[in-house]
Amino acid sequence: MSTPILRLENVKKSFGKKHVLTGVDLEVQRGESLVVLGGSGSGKSVMLKNALGLMTPNDGKILFDGEDVTKSTGKTRAKMRERIGMLFQSGALFDSLTVWENVSFRLLQADRMRRKDAKERAIETLKQVRLGADVADLYPAEISGGMQKRVSLARSIISKPDLIFFDEPTTGLDPITADAINDLIIEQVRSLGAAAVSITHDMASARKIADNIAMLYEGKIIWHGPADIIDNSGNDYVDQFVHGRADGPIQPAI
Amino acid sequence: MNYSRGSDIVSNATTGKQGFPNPLQWIGAASLGLFSEVGRLFIFFLKVMATAFTPRWYLAQVWKQMVNIGFYSLPVVGLSAVFIGAALALNIYEGGSRYGAEQFVPSIVVLGITRELGATITGLMLAGRVSAGISAEIGAMRVTEQIDALETLSASPFRYLYAPRFLAAIIALPLLVLVADIIGIMGGWLVSVYALDFDSTTYIRNTMDFLTNNDVIVGLIKAVVFGAVIATMGCYQGDRSEAGATGVGRAATLAMVGAAVLVLATNYIMSTLFVEIGL
């Protein structure tokens, strides 16, 4: 088997006395679309931020394309991030920049591309996510939530990454827009040949975009398998989560 | 960044048997909290300095911040300076007239404004307008994951956000202080000539005769330090902002209060130093 693009080995992360990740083991192969399920407060976002290097784990290892990047800094980290795209839950578009400047931010700042060329690339990429050139000069506050997600998706794919993280990509969107975003994610990930790690608690989204699904519970991956057997996982926790039942081993977070 | 605030350490201090805080533990926890806060602020300051004075510089960002910090602060600085200069002239006249020393109004006004009040008033005004503004802006970026997004896009927030604000502040503050000096002296002149019956020509000549280059330089050196303090406090508190409107609001308040106190404290230290070295 080839080297996985991302591998987490016994990753632990605590905030004071609160142990959020208690030993996460996870592997993502090239071209694979993995969805990590988990309830609110289960540590999905923390796991993702550790994988991205936005947080440093207390223990364990993170390997990107076979290289240990757990505590990497400077050029090693920059090199890793050049190959990673990220779609944040809130979109995280820069308010003070126009749509095209947001999309081509990496090209302008890290790659120092000329503004004219960067704008052309941004408009091309916006087209890939079904947005017209007319939105390029607008500011994020001037477009809808669904459009903001598309812009954020365009920003995450513009540099043709090998791995893309999606943090709750459909949260806050109506079902139709959410489905359109799911379609775009599948289309873009496949056309790039990139691996994708999505974290969500939206089962419709998970079923649509996942090749494999993993379930995070109490800071550990408790189940990992193909998406098409999720309804027959044989795991009570997964079963309760997938069917959205209040009764079961998982206590509601209220 | 994930670290606890000084106040959290204090609130986590063990309580006594009846639920009352143990005074010794509370004092210990408060001291630890204070030292760790000062240490973190100092490390943050060194990091901002290190990025501000080494390439790469985002000059467009520096220019944008200079307009925001410098140009848009002109009205508040100008208005504050004119009133301070006018009030200073009145008070010096009132005090001086008790000893028949009214003629010292121009010289004391120019000395007070250039060496002390021009820089201090500008620093305090900008602690409110700029430090709180920077903190709120960066805090909002922090809680909406824009700073995380910056990092994932291979841009360091220190280089892209904090260093330009720092550079803009240390460049803009001296310019604003020069404006404050001129307008403050003019405020003193206005009151002296139109309310206290001073002769305009004599007042201006006395002012010019008494003013030395050192007086102006002292104010400008202070302005550079105040610029560093104001930008650092704004960026530091914004970077540490907690989630929600309350978190961002608290960060803005802490930035403003912290910057104002540090402006006054560093002003006193510098004044002492300048007197010692005869500047």
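# A walk through chains A and B

Start by selecting I213(A), which stands opposite G225(A) in strand β10 of chain A. What you have open is a predicted model, so please read every value below as computed from it.

**Stop 1: the hairpin in chain A**

Keep β10(A) in view and add its neighbour, β9(A). Six bridges join the two strands, which run antiparallel. They form a hairpin with two residues between the strands. Which residue of this hairpin takes a positive phi? Click on E218(A): its phi is positive, near 50°.

**Stop 2: the whole sheet**

Now widen the selection to the sheet around that hairpin. It is an open sheet of six strands in chain A, with the order β6-β7-β8-β3-β9-β10 and mixed pairing. Which strands stand at the edges? Colour β6(A) and β10(A), residues 220-226 in the case of β10(A): each has a single partner strand, so one side of each is left without a neighbour in the sheet. If you look along the sheet, the twist averages 15° from one strand to the next. As background for what you are seeing, strands of a sheet pair through backbone hydrogen bonds, either parallel or antiparallel.

**Stop 3: strand β3 of chain A**

Select residues 33-37 of chain A, which make up strand β3. Is β3(A) largely enclosed or left open by the rest of the structure? Five of its five residues are buried, so the strand is largely enclosed. In a regular strand the side chains alternate between the two faces of the sheet. Show the side chains here and you can check both faces of β3(A): S33(A), V35(A) and L37(A) lie on one side, L34(A) and V36(A) on the other, and all are buried.

Next, bring in the strands that pair with β3(A):

- Strand β8, residues 195-200 of chain A, runs parallel to β3(A) and is joined to it by five bridges. Look for S33(A) opposite A196(A), and for V36(A) opposite I199(A).
- Strand β9, residues 212-217 of chain A, also runs parallel to β3(A), with four bridges between them. Here the bridge partner of V36(A) is A214(A).

V36(A) is therefore a handy residue to centre on, since it has a partner in β8(A) and another in β9(A), and is itself buried.**Stop 4: the annotated stretch of chain A**

Select residues 6-242 of chain A. An unreviewed UniProt entry places the feature "domain: ABC transporter" here. In the model, the chain over this stretch is 37% helix and 26% strand. Draw a distance between the end C-alpha atoms and you should find them 25 Å apart.

**Stop 5: where chain A meets chain B**

Show both chains together. How many residues does each chain bring to the contact? Chain A gives 16 residues and chain B gives 11. On the side of chain A that touches chain B, the elements giving two or more residues are α2 (74-82), β6 (84-87) and α4 (105-109). That side of chain A divides into 11 nonpolar, two polar and three charged residues. You have met β6(A) already, at an edge of the sheet.

**Stop 6: chain B as a whole**

Hide chain A for a moment. Chain B has 10 helices and zero strands. Its C-alpha atoms fill a box of roughly 65 × 55 × 35 Å along the principal axes. Buried residues make up 44% of its 279 residues. Among contacts in chain B between residues at least 6 apart in sequence, 83% join residues at least 24 apart.

**Stop 7: two crossing helices**

Select α7(B), residues 157-194, and α9(B), residues 213-239. Two packed helices are described by the angle between their axes and the distance between the axes. For this pair, the axes come within 8 Å and cross at roughly 145°, and the crossing is right-handed. Their contact has 17 nonpolar, four polar and two charged residues.

The unreviewed UniProt entry places "transmembrane region" features in chain B at residues 71-92, 166-196, 216-236 and 248-270. Try two of them:

- Residues 166-196 of chain B are 94% helix and 0% strand, with the end C-alpha atoms 42 Å apart.
- Residues 216-236 of chain B are 100% helix and 0% strand, with the end C-alpha atoms 30 Å apart.

**Last stop: S200(B)**

Finish on S200(B), in helix α8 (residues 200-210) of chain B. Is S200(B) buried or exposed? With 12 other C-beta atoms within 10 Å, S200(B) is exposed. Add W189(B) to the view: it lies 11 residues away along the chain, and the two C-alpha atoms are separated by 7.5 Å.

Methods. Residues are numbered from 1 along each chain as its sequence is written. Chains are lettered from A and ligands numbered from 1 in the order in which they are written. This is a predicted model: local features need pLDDT of at least 70, side-chain atom pairs count only at pLDDT 80 or more; totals for chains, interfaces and linings use all residues. A residue is buried if 20 or more other C-beta atoms lie within 10 Å of its own, exposed if 12 or fewer, and partly exposed in between; C-beta atoms are placed from the backbone. Two strands pair if DSSP finds at least two bridges between them. Two residues are in contact if their C-beta atoms, placed from the backbone, lie within 7 Å. Ala, Val, Leu, Ile, Met, Phe, Trp, Tyr, Cys and Pro count as nonpolar, Asp, Glu, Lys and Arg as charged, and the others, Gly among them, as polar. Axes are lines fitted to C-alpha atoms, for helices over the stretch in contact, and angles run from 0 to 180 degrees between N-to-C directions. UniProt positions are given in the numbering used here, feature names are shortened, and annotations may be inferred rather than shown by experiment. A crossing is left-handed if the near helix is turned anticlockwise from the far one by less than a right angle, and right-handed if clockwise.
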